Amino acid sequence: MERKDFLKKGFSALGFAAIVPMISCSNNSVDPETTTETTTGGTTTGTCTTTASETEGPFPTKSPASYVLNDITSDRTGNKLTVKITIQNKNNSCAALAGALVDIWHCDAAGNYSEYGGTGMQSTNYTSVHFLRGRQTTDANGLVTFTSIYPGWYSGRAPHIHVHVYNASGKSLLVTQIAFPEATSALVYAQGVYKSHGQADTKNANDNVFSDGVTTELASVTGSVSTSFELTHTVVVSA
Amino acid sequence: MKLFRLCYRKIIDIQSRKAWDKMVFDDTHLEFYMQAQRMDPDGKYSTFQELSDNVPGADQLHYLASTAAVAYIRQLKDVVPDIANAYGKLCLPFKNFRFEIVESHITDKMKHKIAIWFYSDPLTWIDTVNNQLLVAYGDQREAFRNGKEVETDMISLSPFLSISHITSIAVPNFQSVC
């Protein structure tokens with residue numbers, strides 16, 4: 001069946017013929033009287049594909065993934081936490097590793113992670129796609145800085161932040177987690193949006209990830225619930 | 001008269017030549033590579049198909065890789081690429097899209113192939129002229145009913161462009177014959 005025949009029949013079958021009397025122009029009146037097989041200006045003859053004759057519009061600009069954020073708070077509430085992670089390279093006398101890609105993610109005050117969608121439809125104007133997930137590239141000092149909130153906790157795990165370090169080409173160098181000082185977490189979880197969820201049910205020593213020792217995973221956290229917190233931590237990779 | 005949406009499934013692979021396509025190709029491959037390593041830390045699987053077959057939750061990779069394309073999709077200013085009207089101008093407004101990894105390989109970028117499904121905003125379907133749809137943008141059914149002049153456009157159906165949604169006028173209720 002010819003494509004146009006199919007279309008005509010298909011549309012008629014959908015009841016489309018019923019509106020034809022409303023339209024003043026028929027097929028004949030639309031067709032130019034002196035139709036030839038040549039195309040002009042990107043229009044179509046037969047079943048060829050129409051080609052846009054204009055440019056692509058504004059030249060595309062190199063743009064980062066939507067994870068690349070300094071402030072990963074999104075719509076979550078909690079005590080402000082600045083996360084400063086320094087990446088060092090064991091293979092280079094523990095010198096700062098510049099240009100490394102650092103992904104972090106953690107749960108919100110209620111212990112929930114942002115969902116990862118599957119194959120569903122997305123919208124161009126939807127901005128809060130993910131919360132408390134972000135990526136930064138280390139500077140010359142090996143440092144990345146994120147603005148976030150103090151993580152909450154969920155049953156069976158001590159409070160933590162996930163960290164994934166890649167080299168500049170995207171090759172995975174290390175997956176690790178950062179543990180929190182328990183006394184600080186206890187102060188945070190006793191107030192504000194954390195209070196209703198209560199105190200964490202798992203200590204670092206009992207955590208299945210940190211129980212082998214948190215010497216290299218325990219962050220330094222300063223600040224107070226009345227102001228804000230700052231986390232500093234060094235992650236050593238072999239790059 | 002019907003409201004409908006067109007959907008254009010744009011394929012991007014190693015053959016793609018436009019600057020926009022190549023940026024989306026490069027960045028979504030990097031994101032796929034990075035995220036695949038997180039899902040498969042031991043590096044047992046190389047292809048998207050192998051990951052899908054063996055790693056629970058691998059279908060998240062569609063969404064995860066899409067995060068590298070979102071900024072480029074926004075650069076389109078809500079106009080579907082490639083699809084032109086009878087004047088040869090890009091014409092289809094959209095706000096919704098779906099991102100699909102068709103196939104990929106963590107290190108062999110030549111095998112990376114993705115598709116972006118662009119769903120147009122609603123159009124009013126007026127007529128079909130040869131292989132072209134005569135349409136008006138938005139819901140113009142009321143304007144037609146009121147006899148108003150409505151600006152129209154003509155769009156050819158072409159490969160990878162299809163009608164994805166239709167809204168018809170409500171069917172009148174049938175009277176009971178008891």
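What pattern does chain A follow when read along the sequence? The answer is α-α-β-β-β-β-β-β-β-β-α-β-β, and the views below, all taken from a predicted model, go on from there.

**View 1. Chain A, element by element.** Chain A has 3 helices and 10 strands. Along the sequence, two helices come before a run of strands, with another helix ahead of the closing β-β. Buried residues account for 28% of the 239 residues in this chain. Look at the contacts between residues at least 6 apart in sequence: in chain A, 72% of them join residues at least 24 apart.

**View 2. An open sheet in chain A.** Here we zoom in on 4 strands, lined up in the order β5-β3-β7-β8 (chain A) with antiparallel pairing. On the edges sit β5 (133–137) and β8 (172–179) of chain A, each of them pairing on one side only. Ignoring direction, neighbouring strands in this sheet are turned by 20° against each other on average.

**View 3. Strands β3 and β5 of chain A, side by side.** This one picks out a single pairing from the sheet. Strand β3 (residues 101–105) of chain A is matched with β5(A) in the antiparallel sense, over 5 bridges. For a landmark, find Asp103(A): opposite it, in β5(A), stands Arg135(A).

**View 4. Chain B as a whole.** Chain B brings 5 helices and 7 strands, and from the N terminus on its elements go β-α-α-α-α-β-β-β-β-α-β-β. Its C-alpha atoms fill a box of roughly 65 × 50 × 25 Å along the principal axes. The radius of gyration of chain B is 21 Å, whereas a compact globule of 178 residues would come out near 16 Å. Of the 178 residues in chain B, 42% are buried. Among its contacts between residues at least 6 apart in sequence, 60% link residues at least 24 apart.

**View 5. The largest nonpolar core.** This core has 93 residues, and those touching the most other members come from both chains: Val102(A), Val163(A) and Val165(A), along with Leu61(B), Ile83(B), Phe97(B) and Phe118(B). The biggest contribution to the core, 8 residues, is from helix α1 (residues 19–39) of chain B. Now follow Phe118(B): setting aside neighbours within four places in sequence, its contacts are Cys7(B), Tyr8(B), Lys10(B), Val80(B), Phe94(B) and Phe97(B).

**View 6. Ile114(B) and its surroundings.** Ile114(B) is part of strand β3 (residues 113–120) of chain B. Is this residue buried or exposed? Ile114(B) counts as buried because it has 27 C-beta neighbours inside 10 Å, and the cut-off for buried is 20 or more. Beyond four places in sequence, Ile114(B) is in contact with Ile12(B), Thr28(B), Phe99(B), Glu100(B), Ile101(B) and Val102(B). Arg9(B) is also worth finding here: 105 residues separate Arg9(B) from Ile114(B) in sequence, yet their C-alpha atoms are 9.8 Å apart.

**View 7. Thr152(B) in its loop.** The last close-up goes to the loop between α5 (141–145) and β6 (153–156) of chain B, where Thr152(B) lies. With 16 other C-beta atoms within 10 Å, Thr152(B) is partly exposed. Not counting residues up to four places away in sequence, Thr152(B) touches Ile126(B), Leu134(B), Val135(B) and Ala136(B). Tyr137(B) is 15 residues from Thr152(B) along the chain, with 7.3 Å between their C-alpha atoms.

Methods:
Residues are numbered from 1 along each chain as its sequence is written. Chains are lettered from A and ligands numbered from 1 in the order in which they are written. This is a predicted model: local features need pLDDT of at least 70, side-chain atom pairs count only at pLDDT 80 or more; totals for chains, interfaces and linings use all residues. A nonpolar core is a set of buried Ala, Val, Leu, Ile, Met, Phe, Trp, Tyr and Cys residues joined through C-beta atoms within 7 Å. A residue is buried if 20 or more other C-beta atoms lie within 10 Å of its own, exposed if 12 or fewer, and partly exposed in between; C-beta atoms are placed from the backbone. Two residues are in contact if their C-beta atoms, placed from the backbone, lie within 7 Å. The radius of gyration is taken over C-alpha atoms; the globule rule is 2.2 Å times the number of residues to the power 0.38. Two strands pair if DSSP finds at least two bridges between them. Axes are lines fitted to C-alpha atoms, for helices over the stretch in contact, and angles run from 0 to 180 degrees between N-to-C directions.
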